[in-house]
Amino acid sequence: MGLTRNRRKREPEIVIARDTDSESSASEEEEEEDDSPLSESEKEDEAVKIELDKSKAKGKAPITVKLKKVCKVCKQPGHEAGFKGATYIDCPMKPCFLCKMPGHTTMSCPHRVVTDQGILPTSHRNTKNPIDFVFMRQLQPRIPPIKPPYVIPDQVHCAVIRYHSRRVTCLEFHPTRNNILLSGDKKGQIGVWDFAKVYEKSVYGDIHSVQVSMFPYFRFSPTNDDMVYSASSDGKVGYTDLETGTSSTLLNLNPNGWQGPTTWNMLYGLDINSDKGLVLAADNFGLLHMIDHRSNNVTGEPILIHKKGSKVVGLDCNPVHPELLLSCGNDHFARIWDMRKLQPGESLNDLAHKRVVNSAYFSPSSGTKILTTSQDNRIRVWDSIFGDLDSPSREIVHSHDFNRHLTPFKAEWDPKDASESLIVVGRYISENYNGAALHPIDFIDSSNGQLVAEVMDPNITTITPVNKLHPRDDVLASGSSRSLFIWRPQEKAEMVEEKEKKIVICYGDSNKKGKRQKRGSDDEDEDDDMFSSKGKNIKAKAKTTKSTRKTKA
């Protein structure tokens, strides 16, 4: 069954509030943090011939300098590889960049997500053992036999352009206030945005001294909705009041400051086990640290849960069985632990992957499924934690293996989906849509690996690796470069538009009167990631935009 493209018949009016041009760059020496792929001029290594005319010099011939064309993938001369517009050119010395298998290129890969071609999953395991039988008799009947129709947020409703001074690394919705979105960036700033009022936003820049972890790193306090725990690459766990922006340090792994890379501890994973009253944080040496959130004091000694010296990049506590903890790391494993007997090497199961595991999550309702995202361009699904976990139930080929300057991609569950099958993930490889190279956000049915919908906006030309679905409303929040976007379903977006008669897009502005905003001394990058398909600055007047959605017919 093919894929069809639906566009809005009526284009909304967009009101844009421009940012002040007086804001300085965060650092002229620091590399640009842009989520768009490298330009063609950077990708192409064409032969260069420079002739210096020395004709006026006596008895000297012209000097010729020749630079050989070298592939940036294999470092061999004679060919090129990388993006050329919306097309990815594979290195002939390497297998397919998408599925990592030899014999074909990315453009001809059978797993490529294009029109009329869905994602092809591996065959489902048909194992039969007593534990699977118990699962099917006792747990599976609670899952609705007929899936309700998926509601896909595919229309940009509002946005804040260049909200952060560095790329967005994580997003989290407020547990009780539906219109509050928290965001974190690479510099360590935490933003609080009321996207219902659009202009109600704050940025706290003094939470951490250096960049915040590029993985899920903050969680709301289970006892106070206005307080949030955060973990950072400066080796600290902070406790922040969202109303005032004041923060206290609960754990500092580097009390003596910088002593060299071999001793510098960074925190990359964070979660809260409310039943046990623990804040869990993991570092870049494979250790798990625990804090009692009732007293905010460190408890116990660090425990080695992954290979010594490797990063633990994600932690997730089971929503139904609080004694189960899921971790993932750079040692190519996702591991399941029993919190009642945490000991090095005593994990319940080790889920092997071929490359770094970006994320690992239990299913949000039953906690019986596991979803992982790995740098080998695979999304893996285990249908039951009570069965054989030696191999996944499905492997879904998806493009999220990136080079650099990007927040790692993470496939996440839709917390509102009762069937626990819908997932959302950004896409790395661009597609050609009416001449524009766009990077869609994919909605995938994890039960069969098929593409449900791919949403995009022709004005968003940067990559969108950070995506979070609202736990109660049909809302998708996306972080692309330094900007935030709120997506709603087209029908609901049109109803809101009829009521408000406009869609508001604003820029971060620390000088606007009446706005509570706290920033550090440095504010902006030099890169220009405007909300424009042509890369031009948008005027502070009405503009029109279109959103595009592909969905199963």
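In this predicted model, Tyr88, Phe97 and Tyr428 are joined into a cluster by ring pairs. A pair of aromatic rings is described by the distance of the centres and the angle of the planes. With pairs defined by ring centres within 6.5 Å, the count comes to seven aromatic pairs. For tyrosine 88 and phenylalanine 97, the centres are 4.4 Å apart and the planes meet at 25°, so this pair is stacked. The cut-off behind that assignment is a plane angle under 30 degrees.

Both partners can also be described by their accessibility. Tyrosine 88 has a relative accessible area of 9% and is therefore buried, the limit for that class being under 20%. Phenylalanine 97, at 17% relative accessibility, likewise counts as buried. The ring of phenylalanine 97 has a further partner: lysine 100 lies over its face, 4.5 Å from the ring centre. A comparable arrangement involves phenylalanine 333, where the charged end of arginine 335 sits over the ring at 4.6 Å from its centre.

Another aromatic pair is formed by phenylalanine 173 and phenylalanine 195. Here the centres are 6.2 Å apart and the planes stand at 80°, which makes the pair edge-to-face. Phenylalanine 173 belongs to strand E8 (residues 168-173), whereas phenylalanine 195 is in the loop between strand E10 (190-194) and strand E11 (200-204); the pair therefore ties together parts that are 22 residues apart in sequence. Phenylalanine 173 is buried at 6% relative accessibility, and phenylalanine 195 is buried with a relative accessible area of 1%.

The UniProt record, an unreviewed entry, lists residues 161-194 and 350-383 under "repeat: WD". In the model, residues 161-194 are 0% helix and 53% strand, with the end C-alpha atoms 15 Å apart. Residues 350-383 are 0% helix and 56% strand, and their end C-alpha atoms lie 16 Å apart.

The final site is histidine 400, which is found in the loop between strand E28 (394-397) and strand E29 (412-413). Is this residue buried or exposed? Histidine 400 has a relative accessible area of 0% and is therefore buried. Leaving aside neighbours within four places in sequence, histidine 400 is in contact with Thr373, Ser374, Gln375, Asn377, Arg378, Ile379, Phe409 and Tyr428. One of these contacts, Tyr428, leads back to the starting point, as Tyr428 is linked with Tyr88 and Phe97 in the aromatic cluster.

Conventions
Residues numbered from 1 in each chain as written. Predicted model: local features only at pLDDT ≥ 70, side-chain atom pairs only at ≥ 80, totals over all residues. Heavy atoms only, no water. Phe/Tyr/Trp six-rings, centres within 6.5 Å; stacked < 30°, edge-to-face > 60°. Buried < 20%, exposed > 50% of the residue type's maximum accessible area, 1.4 Å probe, protein only. Helix = DSSP H or I, 4+ residues; strand = E, 2+ residues; numbered from the N terminus. Lys NZ or Arg CZ within 6 Å of the ring centre and 35° of its normal. UniProt positions renumbered as here; feature names shortened; annotations may be inferred. Contact = heavy atoms within 4.5 Å.
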